[in-house]
Structure formats: C-alpha cells, structure tokens
Amino acid sequence: SAVSADAVRWLTAVGFRPVAVVTKARQVYRFRRDGFEVEVCLDDVGAIGKFVEVEIRAAEADFPAAREVLLATAADLGLTEQEPRSYLRMLLGN
C-alpha cells in the first residue's frame, strides 16, 4: 500500500536498512474469560514454524489475575513452551 511504501522510504531516509523479511499468516481468536479480553493468535511463519500467542491487556492493578487467566488459557490449549525471541531473531538465528 501507499502507506507502507511511505513508511519504508521514511525508515530508509533516517538510516534504517532492510535485514530480512518475515512473512506470516495469522488467525486471530478473541473471547472473554474471567472478566478479561483474551486474544489468541495462530501464526504460521513459514520455515520458522507455527506458533501461538496468547495476550491479555490489563491495568497494572489487574496483572496478577490477568496472568492467572493467561496461564490457564495456555494450559487449556496444551501450550508448554515459551519462545522469548521475535520471529526476526529466530529467522536470523539469534
């Protein structure tokens, strides 16, 4: 799109350069659980693999309860491992 082309031109103008392209297909599911809006994203990142992201946005005061809901959701989905690296870092092997 024109907006993304403008963004690339601007980033290049201020000194950034392309390193790699990360392409992903994402399916997003949203639902409420125990008072929180939960978002689960299923990402297919080609050669890197398939990943699931579980996210809850909450006020800082609600963090402990939100964390429990997030962990329970991950457990119900059978998610047992965490990957802290970004897709770009994984693609670059870092």
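Which element gives the most to the lining of the largest pocket? In this predicted model, the answer is β3, with six residues.

**Pockets**

The largest pocket has a lining of 20 residues. Nearest its centre lie V52, E53, E81, Q82 and E83. Three elements give two or more residues to this lining: β3, α2 and α3 (87-92).

The second largest pocket is lined by I56, A58, A59, E60, F63, A66, R67, L70, L71 and Q82. Here α2 provides the largest share, five residues.

The table sets out the volume and the lining classes of each pocket.

| Pocket | Volume | Lining by class |
|---|---|---|
| Largest | About 660 Å³ | 11 nonpolar, three polar, six charged residues |
| Second largest | About 170 Å³ | seven nonpolar, one polar, two charged residues |

Q82 lines the second largest pocket. Q82 is also one of the residues nearest the centre of the largest pocket.

**Core**

The largest nonpolar core holds seven residues: F36, V38, V40, V54, I56, A66 and V69. At least two of its residues come from each of β2 (36-44), β3 (50-56) and α2 (63-76). The top contributor is β2, with three residues.

**I56**

I56 belongs to this core and also lines the second largest pocket. Which residues is I56 in contact with, leaving aside its neighbours within four places in sequence? They are F36, E37, V38, A66, V69 and L70. Of these partners, A66 is a core residue and lines the second largest pocket. L70 is also in that pocket's lining. F36, V38 and V69 are members of the core.

Definitions and conventions
Residues are numbered from 1 along each chain as its sequence is written. This is a predicted model: local features need pLDDT of at least 70, side-chain atom pairs count only at pLDDT 80 or more; totals for chains, interfaces and linings use all residues. Side-chain values use heavy atoms; hydrogens and water are left out. A nonpolar core is a set of buried Ala, Val, Leu, Ile, Met, Phe, Trp, Tyr and Cys residues joined through side-chain atoms within 4.5 Å. Buried means under 20% relative accessible area, exposed over 50%, partly exposed in between (1.4 Å probe, protein chains only). Helices (H or I, at least four residues) and strands (E, at least two) are DSSP runs, numbered from the N terminus. Contact means heavy atoms within 4.5 Å. On a 1 Å grid over the protein atoms alone, a cavity is a set of points where a 1.4 Å probe fits but cannot get out, and a pocket is an open set with protein on both sides within 12 Å along at least five of seven lines; lining residues have an atom within 4 Å of a point. Grid points are joined across faces, edges and corners, and a volume is the space filled by probe spheres set on the points. Ala, Val, Leu, Ile, Met, Phe, Trp, Tyr, Cys and Pro count as nonpolar, Asp, Glu, Lys and Arg as charged, and the others, Gly among them, as polar.
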